[in-house]
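I opened this notebook to look up how the ligand is held and what surrounds it. My entries go from the shell around the ligand to its contacts, and then to the pocket.

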Amino acid sequence: MDFENIYIEEDNNLATITINRPKKLNALNKRTIEELHVAFKELDEDRDIKVIIITGSGEKAFVAGADISEFANFSVKEGRQLAAVGQQHLFDFVANLSTPVIAAINGFALGGGLELAMACHFRVASSNARMGLPEVSLGVIPGYGGTQRLPQLVGKGRAMEMIMTAGMIDSDKAFGYGLVNHVVSSEELLPFCMKIASRISNNSSVAIKHAIKAINAGFKYDADGYSVEIDAFGNCFGTDDFKEGTSAFLDKRKADFPGS
Ligand code: COA
């Protein structure tokens with residue numbers, strides 16, 4: 001597959017994937033999600049690659065969310081499918097990858113962008129980064145695992161507040177919440193992540209693979225929150241609030257939600 005929206009750089013045992021749609025603040029459209037799926041799969045199968053870093057191009061954004069222009073007219077069925085395919089091809093795929101994945105959050109990580117960072121095995125942020133799940137301001141809910149992974153990382157109460165307010169938090173708050181492991185300057189972000197990657201690559205990749213599997217197993221509950229989320233996400237596409245929220249965003253005006 002030829003990559004149009006991402007590029008990959010390899011250096012010894014390390015691969016860095018950069019999402020490269022800076023004019024759209026690296027928003028995740030369908031093609032970018034598929035390119036990321038292929039890139040992660042190929043790098044995971046490459047025995048020489050021990051660690052993967054993912055970041056966004058430009059100074060402004062890691063990823064500003066799923067591409068709103070692509071799903072604004074979706075039906076309930078299409079909304080459900082959007083979440084299901086995205087979770088399967090990218091978000092759960094990354095979370096369960098055998099190769100460690102570090103998110104280098106270099107600016108806005110919103111909606112699907114924060115969900116992608118949360119699907120990575122851990123996160124480092126630049127001091128100018130801002131994070132949030134603003135989906136309810138569009139009349140929808142996080143559909144790429146956000147309702148599950150945010151509470152796992154920051155606790156239920158903080159996740160409830162972040163999701164209900166649709167607000168953003170800065171890097172220092174994210175560090176205090178345990179959402180990111182480190183905060184460094186923009187210039188230091190990639191070198192810092194590479195240093196951690198180099199330490200990881202000194203260890204057994206097989207053991208790390210098993211550790212990832214074991215750690216992830218602790219977060220699989222009997223109740224399948226992910227399925228609940230997919231249904232709930234899909235149902236949002238049948239509401240008037242969703243139509244208003246997405247149209248308002250695309251018309252660059254404030255939403256006036258009918259509440260239905
Ligand atoms: N989907 C599609 N396009 C997006 C996008 C998204 N999630 N986020 C940003 N863009 C586009 C904008 O439409 C704009 O495109 P244009 O230049 O063709 O008009 C471009 O990226 C730059 O964004 P802009 O809004 O002008 O930048 P800003 O600095 O004023 O604001 C944000 C930055 C991140 C606050 C704002 O872009 C935003 O709120 N984005 C949506 C975040 C969101 O709700 N994500 C969750 C989606 S489910």
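Entry 1, the shell. How do the residues of the shell around the ligand divide into nonpolar, polar and charged? Working on a predicted model, I found 10 nonpolar residues, 1 polar residue and 6 charged residues in that shell. I then looked up which of the 17 residues around the ligand come nearest, and noted Lys24, Lys60, Ala66, Ile68 and Lys252.

Entry 2, the contacts. I turned to the polar atoms next, beginning with the lysines. For Lys24, I noted a polar side-chain atom at 2.6 Å from an oxygen atom of the ligand, and for Lys60 I found that a side-chain N or O atom is likewise 2.6 Å from a ligand oxygen atom. At Ala64 the contact involves the backbone, with an N or O atom lying 3.0 Å from a nitrogen atom of the ligand. I also looked up the cover: on its own the ligand has 860 Å² of accessible area, and the protein covers 69% of that.

Entry 3, the pocket. Where does the ligand sit with respect to the pockets? I found that the space it takes is the largest pocket, which holds about 860 Å³ of space. This pocket is lined by 36 residues, and I recorded Ala64, Ala66, Ile68, Leu138 and Phe249 as the closest to its centre.

Entry 4, the lining. I listed the elements that give two or more residues to the lining of the largest pocket, which are helix 2 (68–71), strand 6 (108–110), helix 4 (112–119) and helix 11 (240–251). Helix 11 supplies the largest share, with 4 residues. Sorting the lining by class, I noted 21 nonpolar, 7 polar and 8 charged residues.

Technical notes:
Residues numbered from 1 in each chain as written. Predicted model: local features only at pLDDT ≥ 70, side-chain atom pairs only at ≥ 80, totals over all residues. Heavy atoms only, no water. Near = heavy atom within 4 Å. Polar contact = N/O pair within 3.5 Å; in protein donor to acceptor, adjacent residues only side chain to side chain. Areas by Shrake-Rupley, 256 points an atom, 1.4 Å probe, with all protein chains shown as cover. 1 Å grid on protein atoms, 1.4 Å probe; cavity = no way out; pocket = protein on both sides within 12 Å on 5 of 7 lines; lining within 4 Å. Sits in = over half its atoms within 2 Å of the grid points. Nonpolar A, V, L, I, M, F, W, Y, C, P; charged D, E, K, R; others polar. Points joined across faces, edges and corners; volume = space filled by probe spheres on them.
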